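Hi,

Here is the structure I promised to pass on. Have a look at it first, and then read my notes underneath.

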Amino acid sequence: MLRIVNRVLIGIIGLALLVLGGSVLAVGLGVRPPSWWIHEGRHDVLLSDADRARWRDHGWWWPTVIAALAVLLLLALWWLVAVLRRRRLAEVLVDTGDGEGALLRGRALEGVLAAEAGRLDGVAQAHVLLTGRRSTPEARVQLQLEPHVDPGDALHLLTTEALAHARDSAGLASLPAEARLRGVKHRAERVS
């Protein structure tokens, strides 16, 4: 969801800047703008003195401007934090048994866990995302199930086989998981 919001916001902001910047450049190079455009000619300013000072004497003007700018600042900070925050676990600390530890790439464990979950009976597709800390990872598993599969059986196989193998092979005490199960879209079967 965040990736979609990020792309839409960047696209809208980029398109607006491209249109405004392109129009200012075109008018500056001598292209005659339409009559409804924000400025009329090459030596025209975007905001005249009268336009800038029009609302200064009204009591609601400055609180509204400050509130709007504060909301924009908070939205921009939220967006920056959301983009910079790493959701995916980069590495998992594997206990080697000799007091030392080894680091396992998080994507490697995700790939193996997704492949094993995808091979379970009735699973059409599996996606895995590791989150948490490197010593205590957590898994988010999304399974797309075939129409004939019982979700309870698929969940049981996931926990007893794929997640248990991943937990044991990485030497983890536990591997908490959140599983989301969805059915694969299919056409209705004909009954004869």
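Below are my notes on the strands, the helices and a couple of single residues.

First, the small print: this is a predicted model, where local features need pLDDT of at least 70 and side-chain atom pairs count only at pLDDT 80 or more, while totals for chains, interfaces and linings use all residues. Residues are numbered from 1 along each chain as its sequence is written, and side-chain values use heavy atoms, with hydrogens and water left out.

Let's start with the sheet. It is an open one of three strands in the order E3-E4-E5, with mixed pairing. Strands and helices here are DSSP runs numbered from the N terminus (helices are H or I with at least four residues, strands are E with at least two), and two strands pair if DSSP finds at least two bridges between them. E3 and E5 are the edge strands, each pairing on one side only, and the twist averages 15° from one strand to the next.

E3 (residues 123-132) pairs with E4 in the antiparallel sense over nine bridges, and the two form a hairpin with four residues between them. On the other side, E4 is joined by seven bridges to E5 (residues 177-183), and these two run parallel. To get from E4 to E5 the chain goes through helix H5 (residues 151-169), and this β-α-β crossover is right-handed (with the strands pointing away from the viewer, the path from the first strand over the helix to the second runs clockwise). As for individual partners, Leu143 has Leu181 of E5 as its bridge partner, and Arg140 stands opposite Glu178 in E5.

E4 itself (residues 137-145) has alternating side chains: Pro137, Ala139, Val141, Leu143 and Leu145 point to one face and are buried, whereas Glu138, Arg140, Gln142 and Gln144 point to the other and are not. Buried means under 20% relative accessible area, exposed over 50%, and partly exposed in between (1.4 Å probe, protein chains only).

Thr131 is worth a click. This residue lies in E3 and stands opposite Glu138 in E4. Thr131 is buried, at a relative accessible area of 10%. Leaving aside neighbours within four places in sequence, Thr131 is in contact with Arg87, Leu89, Pro137, Glu138 and Arg140; contact means heavy atoms within 4.5 Å.

Now, how do H4 and H5 pack? H4 (residues 106-118) packs on H5 at an angle of about 155°, with the axes 9 Å apart, which makes H4 roughly antiparallel to H5. Axes are lines fitted to C-alpha atoms (for helices, over the stretch in contact), and angles run from 0 to 180 degrees between N-to-C directions. Angles under 35 degrees count as roughly parallel, over 145 as roughly antiparallel, 65 to 115 as roughly perpendicular and the rest as oblique. From H4, the contact is made by Leu109, Leu113, Glu116 and Ala117, and from H5 by Leu158, Glu161, Ala162, Leu163, His165 and Ala166. H4 also lies across E3 and E4, running at about 150° to E3.

Earlier in the chain, E1 (residues 91-95) and E2 (residues 101-105) pair in the antiparallel sense over five bridges. Asp95 has Gly101 of E2 as its bridge partner. In this hairpin, with five residues between the strands, Gly97 takes a positive phi near 90°.

Last one: is Asp49 buried or exposed? Asp49, found in helix H2 (residues 49-53), is exposed, with a relative accessible area of 56%.

Cheers
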